[in-house]
Amino acid sequence: MIEPISTAAAMAIAKIAFDKFIEGGAIELGKNATIAASEKVQKLAMVVWSRIKGNTKAIQVLEAAEDKPEEMQKLKNYLHSLWKDENSEFAQEVKKLADEIHFELTQIEDNSSMTQINRDQSTGY
């Protein structure tokens, strides 16, 4: 039994949530993981874990997906069945966390200053 949930299991859950709720899917998840995003991934996994921890079959599917990437489809099917009703409180909570992770991953850190020099009657556009 996974208690607390492993990073591999958390990432598997997050990838599936991204595929379901975020346009562009899980591609962004692997590109630019930050500490803040990693903490949110862990939080997302704990939300899902709290929902499935009494279900022996669900735990077996999660553990299998953690160890064997080919088992990921079973986990995906199971989680999608939990999120089938996108208006449910659980699905909304998962979507909110996936959105927050997406926001963290897509922030562009730009500390540069922009200077425009206009010469000889130029307008700057």
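**An all-helix chain and its nonpolar core**

Val-48 lies in helix α3 of this predicted model, where helices (H or I, at least four residues) and strands (E, at least two) are DSSP runs numbered from the N terminus. Residue numbers start from 1 along each chain as its sequence is written. Because the model is predicted, local features need pLDDT of at least 70 and side-chain atom pairs count only at pLDDT 80 or more, while totals for chains, interfaces and linings use all residues; side-chain values use heavy atoms, leaving out hydrogens and water.

A good place to begin is the overall layout. The chain has 6 helices and 0 strands, giving the pattern α-α-α-α-α-α along the sequence. Of its 125 residues, 35% are buried, that is, under 20% relative accessible area, with exposed meaning over 50% and partly exposed in between (1.4 Å probe, protein chains only). A contact is defined by heavy atoms within 4.5 Å. Among contacts between residues at least 6 apart in sequence, 72% join residues at least 24 apart.

Val-48 itself is buried, with a relative accessible area of 0%. Leaving aside residues up to four places away in sequence, Val-48 touches Ile-13, Leu-79, Trp-83, Phe-90 and Val-94. Its C-alpha atom is separated by 9.7 Å from that of Ala-14, 34 residues apart along the chain.

Several of these partners reappear in the largest nonpolar core, where Ile-13, Leu-44, Leu-62, Leu-75, Leu-79, Trp-83 and Val-94 touch the most other members among 33 residues. Two or more residues each come from α1 (7-21), α3 (35-52), α4, α5 (72-82) and α6 (89-106). Such a core is a set of buried Ala, Val, Leu, Ile, Met, Phe, Trp, Tyr and Cys residues joined through side-chain atoms within 4.5 Å.

Phe-90 has a further partner: the charged end of Arg-51 sits over its ring, 4.6 Å from the centre. This requires NZ of Lys or CZ of Arg within 6 Å of the ring centre and within 35 degrees of the ring normal.

Helix α4 (residues 56-67) has 12 residues, so at 1.5 Å a residue it should span 16 Å, and its end C-alpha atoms, 17 Å apart, agree; the expected span is 1.5 Å times one less than the number of residues. Its buried residues are Ala-58, Ile-59, Val-61, Leu-62, Ala-64 and Ala-65. In the loop between α4 and α5, Glu-71 is found. Glu-71 is buried too, with a relative accessible area of 19%, and touches Ala-64 and Ala-65, not counting residues up to four places away in sequence.
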